[in-house]
Amino acid sequence: MSRPRPADAFSVRSTPRIFCIGRNYAKHIAELDSTLPGQECVIFMKPASALVAPEEAIILPADVGEIHHEAELVVEIGPGGRDIAAEAARGHIAAVGLGLDLTLRDVQTGLKNTGEPWEKAKAFDHSAPLGPMTALDDDIDLADLHFELSVDGEVRQHGHTAHMLVGVAELIAVLSRHWHLLPGDLVFTGTPEGVGPVQAGMQLALSSPRLAGAEWTIA
């Protein structure tokens with residue numbers, strides 16, 4: 001049985017980069033009236049200052065319009081590499097866990113309308129709360145993982161990795177075609193439908209039958 005790693009097992013020093021995948025669930029694309037990705041998948045990045053450990057307060061920016069939760073499966077790279085074949089990708093994964101890609105939705109909409117990059121809407125401090133990571137073992141099927149996000153005790157999102165447009169193995173293959181992946185790199189793999197606004201005082205909880213859960217309070 002996999003053992004969750006301690007909540008403080010990640011750090012700025014052990015997390016060189018945070019890769020994030022957009023538009024990887026069809027129903028989420030539909031709920032935002034977005035379009036399917038053209039080639040491969042949508043990729044953006046967050047700084048290490050975006051990470052928030054479990055039980056820590058999430059501090060949100062003020063006066064930026066709606067801020068949405070996006071629950072995601074997160075993959076941590078073990079052995080690094082370049083041009084990794086999808087069939088070999090599992091051997092480059094150290095651990096998996098759950099995280100949140102918090103999004104300044106109104107800001108993102110404005111950026112989309114002007115054709116600008118998404119970083120202002122996605123890469124702000126505290127935008128990537130991350131739960132404990134569980135070491136990958138043979139009992140974990142990356143194509144059959146369920147996870148949920150509850151807000152104040154109400155389930156808002158339910159994800160199943162079988163519904164990803166681009167699966168975990170292929171995501172690693174795609175990323176490694178553009179970057180030499182390094183040990184400790186994190187990959188936020190996209191969010192299912194059900195995204196919605198968060199605000200001060202809310203309690204956010206991620207859970208999964210196979211992975212460690214985590215909770216946060218919005219400050």
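Which residue lies over the face of Phe 124? Select Lys 46, which is placed over that ring at 6.0 Å from the ring centre; a charge counts as over a ring if NZ of Lys or CZ of Arg is within 6 Å of the ring centre and within 35 degrees of the ring normal.

The model is predicted, so local features need pLDDT of at least 70 and side-chain atom pairs count only at pLDDT 80 or more, while totals for chains, interfaces and linings use all residues. Residues are numbered from 1 along each chain as its sequence is written, and side-chain values use heavy atoms, with hydrogens and water left out.

**Confidence**

Colour the chain by pLDDT, the predictor's confidence in each residue, from 0 to 100. The mean for the protein chain is 92, and 92% of its residues reach 70 or more. Next select residues 1–13, where the pLDDT is below 50; beyond near neighbours in sequence, this stretch has 29 contacts in the model (contact means heavy atoms within 4.5 Å). Where pLDDT is low, the predicted coordinates should not be read in detail.

**The sheet**

Display the strands; helices (H or I, at least four residues) and strands (E, at least two) are DSSP runs, numbered from the N terminus. An open sheet of 6 strands follows the order β2-β1-β13-β6-β7-β10, with mixed pairing; two strands pair if DSSP finds at least two bridges between them. At the edges are β2 and β10 (134–135), each pairing on one side only. Within the sheet, β6 and β7 run antiparallel and are joined by 7 bridges. Select Leu 73 to find Leu 98 of β7 opposite.

**Helix α4**

Move to α4, which lies across β1, β2, β6, β7 and β13 and runs at about 60° to β6. Axes here are lines fitted to C-alpha atoms, for helices over the stretch in contact, and angles run from 0 to 180 degrees between N-to-C directions. Among the buried residues of this helix (168–178) are Val 168, Leu 171 and Ile 172; buried means under 20% relative accessible area, exposed over 50%, partly exposed in between (1.4 Å probe, protein chains only). Their cover includes β1 (18–22) and β13 (186–188).

**An aromatic pair**

Select Phe 44 and Trp 118, a tilted pair with 5.7 Å centre to centre and 55° between the planes. Rings of Phe, Tyr and Trp (its six-membered ring) pair if their centres lie within 6.5 Å; planes under 30 degrees apart count as stacked, over 60 as edge-to-face and the rest as tilted. Phe 44 belongs to strand β2 and Trp 118 to the loop between α2 and α3, so the pair ties together parts 74 residues apart in sequence. Both Phe 44 and Trp 118 are buried.
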